[in-house]
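Hi,

Here is the structure I promised to pass on. Have a look at it first, and then read my notes below.

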Amino acid sequence: METRRSIGIMGGTFDPIHYGHLLTAECAADQYNLDEVIFVPSGNPPHKTEQKITVAQKRYVMSLLATIENPKFDVSRIEIDREGLSYTIDTIKTFKDLYPQTKIYFITGADAILEIFTWKNPDKLLKEADFIAASRPGYSLAKIEKEFYEEYRNRIHILKIPGLAISSTNIRKRIKEKRPIKYQLPEKVESYIRKYGLYK
Ligand code: NAP
């Protein structure tokens, strides 16, 4: 009997993408038997309209450079090319149409998942897909594990990632302070950041 395909939709701002994200995708693929992980850089994040983020095309190229060597990884322009604000419910619906009969996991940071009830159509969202919440070392999972997680125990899965101590915010800060970022992200991504003078 043929087993049903499973894919991971790896959502994030990826400003910039780093080894923590890549390790998260790899661990999720291993633990949940995913056939493919598709990185989806946020196009126009509804929760970051006040915040300055790098232009979507550059975040997309960095995601491509970072994932190019892994045959299981792919990058989608779905949110970048869609007009208006990028809602996860729309992204999941599009992937469900593109990949019928496929189990879909949406992978993102645990802190982002904690805010899921502020997202568009949260109840629908939790019916449409399973969620993998990647957590950083030292991050308190109490809230996710007790109140919230219990109600959606079958839908939200916590994945502890040691390498997620690396953070995009910290990488941007280090660049501003002219400190090294080597070994935190793929060399090709660092070269791209230097070439275009990002985060200075
Ligand atoms: P964020 O505030 O940039 O990230 C929240 C935390 O999660 C950060 O610590 C971040 O670490 C981490 N993180 C983000 N993506 C990750 C990933 N794929 N794997 C592991 N850790 C990750 O949140 P965001 O990236 O903008 O949003 C995450 C996802 O939720 C996006 O796909 C976004 O579209 C979706 N979202 C949807 C709605 C909505 O539909 N209304 C609202 C909010 C978010 P780094 O800084 O190191 O990446």
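What follows is a short tour of the ligand site, one helix and one glutamate.

Please keep in mind that this is a predicted model.

Let me start with the ligand. It is surrounded by 28 residues, and the closest are His 18, His 21, His 47, Lys 48 and Arg 136. Two backbone contacts go to ligand oxygen atoms: a backbone N or O atom of Thr 88 lies 2.9 Å from one, and a backbone N or O atom of Ser 168 lies 2.9 Å from an oxygen atom of the ligand as well. On the side-chain front, an N or O atom of Thr 108 sits 3.3 Å from a nitrogen atom of the ligand. Taken alone, the ligand would expose 860 Å², and the protein buries 90% of that.

Thr 88 also belongs to helix α4 (residues 88-98), where Thr 88, Ile 89, Thr 91, Ile 92 and Phe 95 are buried. These residues lie on the same side of α4 because they cover an arc of only 160° around the axis. Asp 97 and Leu 98, on the other side of α4, are exposed. The partners that the buried residues pack against include the strands β1 (6-12), β2 (36-41), β4 (103-109) and β5 (130-135), along with helices α3 (78-81) and α6 (122-128).

Finally, a look at Glu 190, which is found in helix α9 (residues 187-195). Its relative accessibility is 15%, so Glu 190 counts as buried, the cut-off being under 20%. Beyond its neighbours within four places in sequence, Glu 190 is in contact with Ile 181, Lys 182 and Leu 185.

Enjoy exploring!

Key: Residues numbered from 1 in each chain as written. Predicted model: local features only at pLDDT ≥ 70, side-chain atom pairs only at ≥ 80, totals over all residues. Heavy atoms only, no water. Helix = DSSP H or I, 4+ residues; strand = E, 2+ residues; numbered from the N terminus. Buried < 20%, exposed > 50% of the residue type's maximum accessible area, 1.4 Å probe, protein only. Contact = heavy atoms within 4.5 Å. Arc of directions from axis to C-beta. Near = heavy atom within 4 Å. Polar contact = N/O pair within 3.5 Å; in protein donor to acceptor, adjacent residues only side chain to side chain. Areas by Shrake-Rupley, 256 points an atom, 1.4 Å probe, with all protein chains shown as cover.
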